[in-house]
Amino acid sequence: MDPFIELENEYCARNYLPLPVVLVRGEGVYVWDNDGKRYLDMMSAYSAVSHGHGHPRLVAALKEQASQLTIVSRAFYTDKLGAFLKKACELTGQDMALPMNTGAEAVETAIKAARKWAYTVKGVEDDQAEIITCEGNFHGRTLAIVGMSSEVQYKDGFGPFPPGLKSIPYGDAAALEAAITPNTAAFLVEPIQGEAGINVPPAGYLKRCAEICRKHNVLLICDEIQTGLGRTGKLLASQHDGVKPDGLILGKALGGGMLAVSAFLSRREVMAVFTPGDHGSTFGGNPLSSAVALEALNVLEDEGLAARSAQLGRYLLEQLQSIDSPLITDIRGKGLFVGVEIASNKATARSVCEALMGRGVLSKETHETVVRLAPPLVVTKEQLDWVVAQLADVLAESVVA
Ligand SMILES: *Cc1c(COP(=O)(O)O)cnc(C)c1O
């Protein structure tokens, strides 16, 4: 076995089952393994690498800031945080932001904001606030968040979980209205469910949810950690429905594929619930993260990555639909956020991903039956053609085998 795989398996907790490839370098849409073999990255680290690997402007921003000032904690002001958050707010139409690092932390921040808003603004009685989430959701891995999950394995052995979290079917606006009580603080939802298998809800779902939330004085909080920043063909996936959520959670691509940068963004009235000492993070909003994230947002705009995702995503869907294989039961997605569902009685998505790896395409299965196709948004049409050809060949070979 590869010595790097052996070493990692010996010392790293086995909380993942990686494909057996050791990556040592990345540039644009490509990564290379320790034998020098090149792969087209159709995973983009779950959309954290939407800008492509080692984007020159992001490497430059990282290097420049690293030599200037990196971490000081929020005990002090810096010359970088305000400019980053101003840009993030302007782009998303929100008033204020609270910077964190990982996605899960920003989701926790959103939950805390919603609860405190419920007690101090809406008038919910102490400790009674409820957050409504959807079945099949993925919001991260902290205890409160896995407490909201419908995934048995995420929770098994990790209880007890915080109360006040309830779950409704995804894509069903009537279920939301039925679940709301006077204690409901917020509805937390992914505009497209990523980890559940690129589940696209019925058109108009989010718009209907926004109307219901407004009617009942419930905050609509969109987790756009994966769908945001151009992934689905608009800056935010909620814009497909013309919705501006009360709270917005960004992460992943916000760090430009360089660092863990996340944020909870909201209206001034909601963010005002936080007073000094309520919440914090040693690394959140540090000048290194801020400089890189600001440049990541600038690159997204300058290179028109959202429009590119829309155009190439449409093309990718068309090309995939032209593959004639009994192994494909569904193809779905928006922008460069596409899932190909594999007939589970014929092959596994894992076996398809392993065969793709052999041909120089890296992807990862989600939920055993879905092959995820989510390349860096800088991918070209020709590169997508090549990926589709590899997938068609792999599926053809799998039928024979
Ligand atoms: C990845 C993801 C998270 C969690 O982000 P981490 O950085 O892994 O904590 C939360 N929500 C969604 C929709 C995600 O895709």
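In this predicted model, helix 12 covers residues 305–321, and its length can be checked with simple arithmetic. At 1.5 Å a residue, its 17 residues should span 24 Å, and the C-alpha atoms at its two ends are indeed 24 Å apart, so expectation and model agree. Several residues of helix 12 are buried, among them Leu-305, Ala-306, Ser-309 and Ala-310. Further along helix 12, the buried set continues with Leu-312, Gly-313, Tyr-315, Leu-316, Leu-317 and Leu-320. An α-helix has 3.6 residues a turn, so residues three or four places apart point the same way.

Helix 11 (residues 287–302) passes the same kind of check. Its 16 residues should span 22 Å at 1.5 Å a residue, which agrees with the 22 Å between its end C-alpha atoms. Helix 11 is mostly covered, with 13 of its 16 residues buried. Its N-terminal end is capped by Asn-286, whose side chain places an oxygen 3.0 Å from the backbone nitrogen of Leu-288. Just after helix 11 comes Gly-304, which adopts a positive phi of about 55°.

Turning to the strands, four of them make up an open sheet of mixed pairing, arranged in the order 1-2-3-13. The edges are occupied by strand 1 (23–27) and strand 13 (361–362); each has a single partner strand, so one side of each is left without a neighbour in the sheet. Strand 2 (residues 30–33) and strand 3 (residues 38–41) run antiparallel and are joined by three bridges. Within this pair, Val-31 has Tyr-39 of strand 3 as its bridge partner. Strands of a sheet pair through backbone hydrogen bonds, either parallel or antiparallel.

The ligand offers a further point of interest. Its surroundings include Thr-102, Gly-103 and Ala-104, together with Phe-138, His-139 and Gly-140. Glu-190, Asp-223, Ile-225, Gln-226 and Lys-252 also belong to the residues around the ligand. By class, this shell contains three nonpolar, five polar and three charged residues. Polar contacts to ligand oxygen atoms come from both backbone and side chains. A polar backbone atom of Gly-103 lies 2.8 Å from an oxygen atom of the ligand. In the side chain of Gln-226, an N or O atom is 2.6 Å from a ligand oxygen. Lys-252 likewise brings a polar side-chain atom to 2.6 Å from an oxygen atom of the ligand. Taken alone, the ligand exposes 380 Å², and the protein buries 81% of that area.

Conventions. Residues numbered from 1 in each chain as written. Predicted model: local features only at pLDDT ≥ 70, side-chain atom pairs only at ≥ 80, totals over all residues. Heavy atoms only, no water. Near = heavy atom within 4 Å. Polar contact = N/O pair within 3.5 Å; in protein donor to acceptor, adjacent residues only side chain to side chain. Areas by Shrake-Rupley, 256 points an atom, 1.4 Å probe, with all protein chains shown as cover. Nonpolar A, V, L, I, M, F, W, Y, C, P; charged D, E, K, R; others polar. Helix = DSSP H or I, 4+ residues; strand = E, 2+ residues; numbered from the N terminus. Expected span 1.5 Å × (residues − 1). Buried < 20%, exposed > 50% of the residue type's maximum accessible area, 1.4 Å probe, protein only. Pairing = 2+ DSSP bridges.
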